[in-house]
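Trainee: Could you walk me through this one before I go back to the bench?
Mentor: Gladly, let us look at it together.

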Amino acid sequence: MSDAAEKRTPLYGEHVRLGARIIPFGGWLMPVQYSSIREEHEAVRKDVGVFDISHMGELVVSGPAASEWLNTMLTNNIARLEVGDGQYTFLLNDEAGVIDDLIVYRISDDKFLLVVNAARVEEDFNWLGAHRAQSGVQIANVSDSYAGLAIQGPKVGELFHALFGSEQEMPARNRIARFQLNATEILVARTGYTGEDGIEVFFAAEAAPSVWREVLQKGESLGIRPCGLGARDTLRLEMCYPLNGSDLSPEHTPLEAGLGFFVDLAKPNFTGREKLLQQKENGPARRLVAFKMKGKSPPPRPHYRVFRAGKEAGELTSGTLSPSLNEGIAMAYLATPAPQPGEEIEIEVRGQRFPAVIEKKPLYKKT
Amino acid sequence: MNIPDDLLYTESHEWIRREGDDKIRVGITDHAQAELTDVVYVELPKTGASYDARGTIAVVESVKAASDIYAPVKGTVLEVNKALESNPALINTDPYGEGWIYVLQVESPDQLKALKDAAGYRASLA
């Protein structure tokens, strides 16, 4: 993909000004790091960090039948959402493979906000549009109108109050609410992708530079750092949160990924349900497992080959050096025999195999 | 950017210190370590192994990526910096000192003439 084809978020100029290293990601030019992945990672684990997530997509689904119809398109149960609630969910193809993982928020009785992955906006929009049939729902892609920030870390509460006023209360976990920052209306959701307490905020794209600067300024005394995709990846992988396109794909179901908690098989009808019921009955043929390298080894990386009992058994979907644990961590789909925590496997790095041990998820637990 | 005048350089950001007629000590430049940031693992060459000029002789890994390190000239490894096994970050903190990677016995010292001096390397970064 050439530079010309890659989009810039409304914060691109801010990233460049801060000296970020920029890389292409999901069709966007994004900061991978400002100073150091380790330092940014640590800021989120100990203080607070801010990420530009304006590349993520926002779709609005509305109409009297929106709730009922979306419930046939997504795996989790929309009926459980009160106005202001959000839930993690999947958009599946007919084979129950993952098109996208997303968060759906109920904005009003018959209006939903879907926050989707950057590289899947068009695909999600087209898929939903093609399945609208006679439902009468409206689907709008408002991605270009919105900027977004993820503000993550144990000090997020203090920063929230500094930004929105000490009398305001942060929304509860997975809730979303409107707040005012100067002249800008901001949707604040208590969600994140780091394993720390945090919020994700969405607002008009034009306001992005001023909101970004205000967050950094108000967060300065708390030790805030701008954080790039590098730290975003190490933070989420320590928690075993999946990355779509790597750990999730149309070839794998949410059950294979170990994310059945976000699939409501009791719902009478949704895309992929039949296949999932079968998998539930027989047990998934493959499972996404997490593991740690044992002893000294190079950091595991995506696509490195995995060996079980000396036989090739797949490849890593994700892998990195965990800054919190200072150990190599990774995930891969493994088939039979059913992989169990404690099983020793091997990862091939530049022709040499290194031992690793399958662990329970998440790999990082807050002490 | 620290580019000491008494060293030689490659376009691929290795520095070379001559130690006698046919012995060189090699590491990566301050610029290279700043680009990599957070060195977390170094795969060292084996003592006694021979490498061609431009051959991959070591690998330096940051959190994000693995980068090959190339032999500047043909030669045989005399010594490697074992300290990097337990403390790879020495490459970040002291790239021209404690962060050295290996010492090479050079096959033909004439080949060293093709390397850049500090001014030439500085110009290549501009």
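**Helix 4 and its surroundings**

Trainee: Which residues of helix 4 of chain A are buried?
Mentor: Keeping in mind that this is a predicted model, the buried residues in helix 4 of chain A, which spans residues 121-130, are Val121(A), Asp124(A), Trp127(A) and Leu128(A). They lie on the same side of the helix, because the arc they cover around the axis is only 140°.

Trainee: Is there a general reason for that kind of spacing, and what is on the other side of helix 4 of chain A?
Mentor: An α-helix has 3.6 residues a turn, so residues three or four places apart point the same way. On the other side of helix 4 of chain A, Glu122(A) and Ala130(A) are exposed.

Trainee: What covers the buried residues of helix 4 of chain A?
Mentor: The cover includes helix 3 (66-73) of chain A together with several strands of chain A, among them strand 5 (57-62), strand 6 (86-92), strand 7 (98-108), strand 8 (111-116) and strand 9 (138-141).

Trainee: How many residues of strand 7 of chain A are buried?
Mentor: In strand 7 of chain A, 9 of the 11 residues are buried, which leaves the strand mostly covered. Strand 7 of chain A pairs with strand 6 of chain A in the antiparallel sense over 7 bridges, and one of the partnerships is that of Tyr88(A) with Ile103(A). Strand 7 of chain A also runs antiparallel to strand 8 of chain A, to which 5 bridges join it, with Ser108(A) and Lys111(A) as bridge partners.

Trainee: And how many residues lie between the strands of each hairpin?
Mentor: Strand 6 and strand 7 of chain A form a hairpin with 5 residues between them, and in that turn Ala96(A) has a positive phi of about 70°. The hairpin of strand 7 and strand 8 of chain A has 2 residues between its strands.

Trainee: Changing topic, where is Val137(A), and what does it touch?
Mentor: Val137(A) is in the loop between helix 4 and strand 9 of chain A, and it counts as buried because its relative accessibility is 2%, against a cut-off of under 20%. Leaving aside residues up to four places away in sequence, Val137(A) touches Val61(A), Ser62(A), Ala65(A), Ala66(A), Trp69(A) and Arg132(A).

Trainee: Now the salt bridges: which residues are linked in a network with Arg45(A)?
Mentor: Arg45(A), Glu196(A), Glu238(A) and Lys366(A) are linked in a network of salt bridges. Arg45(A) meets Glu196(A) with the closest N and O atoms 3.0 Å apart, and this pair links distant parts of the chain, Arg45(A) being in helix 2 (residues 37-46) of chain A and Glu196(A) in the loop between strand 12 (184-189) and strand 13 (198-204) of chain A, 151 residues apart. The side chains of Glu238(A) and Arg45(A) also meet in a salt bridge, at 2.8 Å from N to O, and here Glu238(A) belongs to helix 7 (residues 229-238) of chain A, 193 residues apart from Arg45(A).

Trainee: Where does Lys366(A) come in, and are these residues buried or exposed?
Mentor: Lys366(A) forms a salt bridge with Glu196(A), at 3.0 Å from N to O. Lys366(A) lies in the segment after strand 20 (352-359) of chain A, so its pairing with Glu196(A) ties together parts that are 170 residues apart in sequence. Arg45(A) is buried at 6% relative accessible area, Glu196(A) is buried at 6% and Glu238(A) is buried at 0%, whereas Lys366(A) is partly exposed at 47%.

Trainee: Last one: how many residues of chain B are in contact with chain A?
Mentor: There are 16 residues of chain B in contact with 18 residues of chain A, and the two chains bury about 1,400 Å² between them, 49% of it on carbon and sulfur atoms. In chain B, Tyr41(B), Val63(B) and Lys64(B) lose the most area to chain A, together 41% of what that side buries.

Trainee: How many salt bridges cross the interface of chain B and chain A?
Mentor: The rule finds 4 salt bridges across it, including the one in which the side chains of Glu61(B) and Arg301(A) meet at 2.6 Å from N to O. The count of residue pairs in polar contact between chain B and chain A is 14.

Terms used: Residues numbered from 1 in each chain as written. Chains lettered and ligands numbered in written order. Predicted model: local features only at pLDDT ≥ 70, side-chain atom pairs only at ≥ 80, totals over all residues. Heavy atoms only, no water. Buried < 20%, exposed > 50% of the residue type's maximum accessible area, 1.4 Å probe, protein only. Helix = DSSP H or I, 4+ residues; strand = E, 2+ residues; numbered from the N terminus. Arc of directions from axis to C-beta. Contact = heavy atoms within 4.5 Å. Pairing = 2+ DSSP bridges. Buried area = accessible area lost by both parts, 1.4 Å probe. Polar contact = N/O pair within 3.5 Å; in protein donor to acceptor, adjacent residues only side chain to side chain.
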